[in-house]
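User: I'm new to reading protein models and would like a close look at a single part of this one. Could you walk me through it slowly, starting with any term I need?

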Amino acid sequence: MRLAIEEAEKALTHRDVPVGAVIFGPDGTVIGAGHNERELLQDPSAHAEMLAIRQAAEHIGHWRLLETTLYVTLEPCAMCAGAIVLARIPHVVYGTTDPKAGAAGSVLDVLQEPRLNHRPGVTGNILQPECAQLLKDFFAAKRRRSLPSDTAHPEGCESG
């Protein structure tokens with residue numbers, strides 16, 4: 001999870017939400033890694049998990065990522081959970097839950113949907129305080145940047 005946190009921190013350099021993902025192969029080596037690049041690429045699918053899955057598939061030369069483990073700092077969304085199922089990733093480890101868009105049990109449970117043909121094992125809340133703090137700090141800074149300056153607009157509104 002520490003490597004996924006390092007990946008998440010890379011997203012901060014281009015003002016993306018700090019989410020990172022790392023995929024380990026059967027021998028314990030990293031075969032895929034990614035961090036959010038939605039803002040950088042202007043691509044709604046450029047989530048950390050999607051980028052790591054693409055890289056891992058390219059690394060092994062196959063779309064089935066059997067005998068791998070995905071570590072991600074934030075509970076996967078529905079899109080990423082769908083890709084995890086389709087890639088046949090056997091185990092997912094996430095750092096902190098996503099109460100607004102999580103698809104590993106918080107809002108939806110795509111990863112354990114019995115009607116799908118693959119259900120990975122899921123382990124949650126690993127290094128949860130660190131993963132959650134990255135997100136809290138990012139959104140607090142974003143709110144500070146978007147708030148109007150009290151000195152420029154004494155009434156507290158932008159049209160002041």
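Analyst: Let's begin with one word. A residue counts as buried when its relative accessible area is under 20%. Please also keep in mind that this is a predicted model.

With that term in hand, let's look at strand 1, residues 20-24. How many of its residues are buried? Strand 1 is mostly covered, with 5 of its 5 residues buried. G20, V22 and F24 point one way from the strand, while A21 and I23 point the other way. Residues pointing in both of these directions are buried.

What lies beside strand 1? On one hand there is strand 2, residues 30-35, which runs antiparallel to strand 1 and is joined to it by 5 bridges. To find one of these links yourself, pick out A21 and look for G34, its bridge partner in strand 2. Strands 1 and 2 form a hairpin, and 5 residues sit between them. In that turn you will find G28, with a positive phi of about 85°.

Strand 1 also pairs with strand 3, residues 69-74, through 4 bridges, and these two strands run antiparallel as well. Here you can look for I23, whose bridge partner in strand 3 is L70.

Now let's step back to the whole sheet. It is an open sheet of 5 strands in the order 2-1-3-4-5, and its pairing is mixed. Strand 2 and strand 5 are the edge strands, each pairing on one side only. On average, neighbouring strands are turned by 15° against each other, ignoring direction. A parallel pair in this sheet is strand 3 with strand 4, which share 5 bridges. V72 is a good place to look, as its bridge partner in strand 4 is Y94. Helix 5 packs on the sheet, where it touches strand 3 and strand 4, and its direction makes about 60° with that of strand 4.

Next, what covers strand 1? Helix 1 lies across strand 1, strand 2 and strand 3, and it runs at about 140° to strand 1. Which residues of helix 1 are buried? They are A4, I5, E7, A8 and A11. These residues cover an arc of only 160° around the axis, which puts them on the same side of helix 1. A general rule helps here: an α-helix has 3.6 residues a turn, so residues three or four places apart point the same way. The buried residues of helix 1 are covered by parts that include strands 1, 2 and 3, along with helix 5.

That brings us to the meeting of the two helices. The axes of helix 1 (residues 2-11) and helix 5 (residues 128-146) come within 11 Å and cross at roughly 5°. Helix 1 and helix 5 are therefore roughly parallel to each other. From helix 1, the residues taking part are R2, I5, A8 and E9, and they meet E130, C131 and L134 of helix 5. Sorted by type, the residues of this contact are 4 nonpolar, no polar and 3 charged. I5 and A8 belong both to this contact and to the buried residues of helix 1.

Another helix to visit is helix 4. Its buried residues are C80, A81, A83, I84 and V85, and they pack against helix 3, strand 3 and strand 4. Strand 3, you may remember, is joined to strand 1 by bridges.

Finally, let's look at some backbone angles in the loops. Most residues other than glycine have a negative phi. R88 is not a glycine, yet its phi is positive, at about 65°. You will find R88 in the loop between helix 4 (78-86) and strand 4 (91-96). Is R88 buried or exposed? At 19% relative accessibility, R88 counts as buried. N125, also not a glycine, has a positive phi of about 65° too. N125 sits in the loop between strand 5 (121-123) and helix 5. With a relative accessible area of 43%, N125 is partly exposed.

To retrace the path, start at strand 1 with its 5 buried residues, look across to strand 2 and strand 3, and then find helix 1 lying across these strands.

Key:
Residues are numbered from 1 along each chain as its sequence is written. This is a predicted model: local features need pLDDT of at least 70, side-chain atom pairs count only at pLDDT 80 or more; totals for chains, interfaces and linings use all residues. Side-chain values use heavy atoms; hydrogens and water are left out. Axes are lines fitted to C-alpha atoms, for helices over the stretch in contact, and angles run from 0 to 180 degrees between N-to-C directions. Angles under 35 degrees count as roughly parallel, over 145 as roughly antiparallel, 65 to 115 as roughly perpendicular and the rest as oblique. Contact means heavy atoms within 4.5 Å. Ala, Val, Leu, Ile, Met, Phe, Trp, Tyr, Cys and Pro count as nonpolar, Asp, Glu, Lys and Arg as charged, and the others, Gly among them, as polar. Buried means under 20% relative accessible area, exposed over 50%, partly exposed in between (1.4 Å probe, protein chains only). Two strands pair if DSSP finds at least two bridges between them. The arc is that of the directions from the helix axis to the C-beta atoms.
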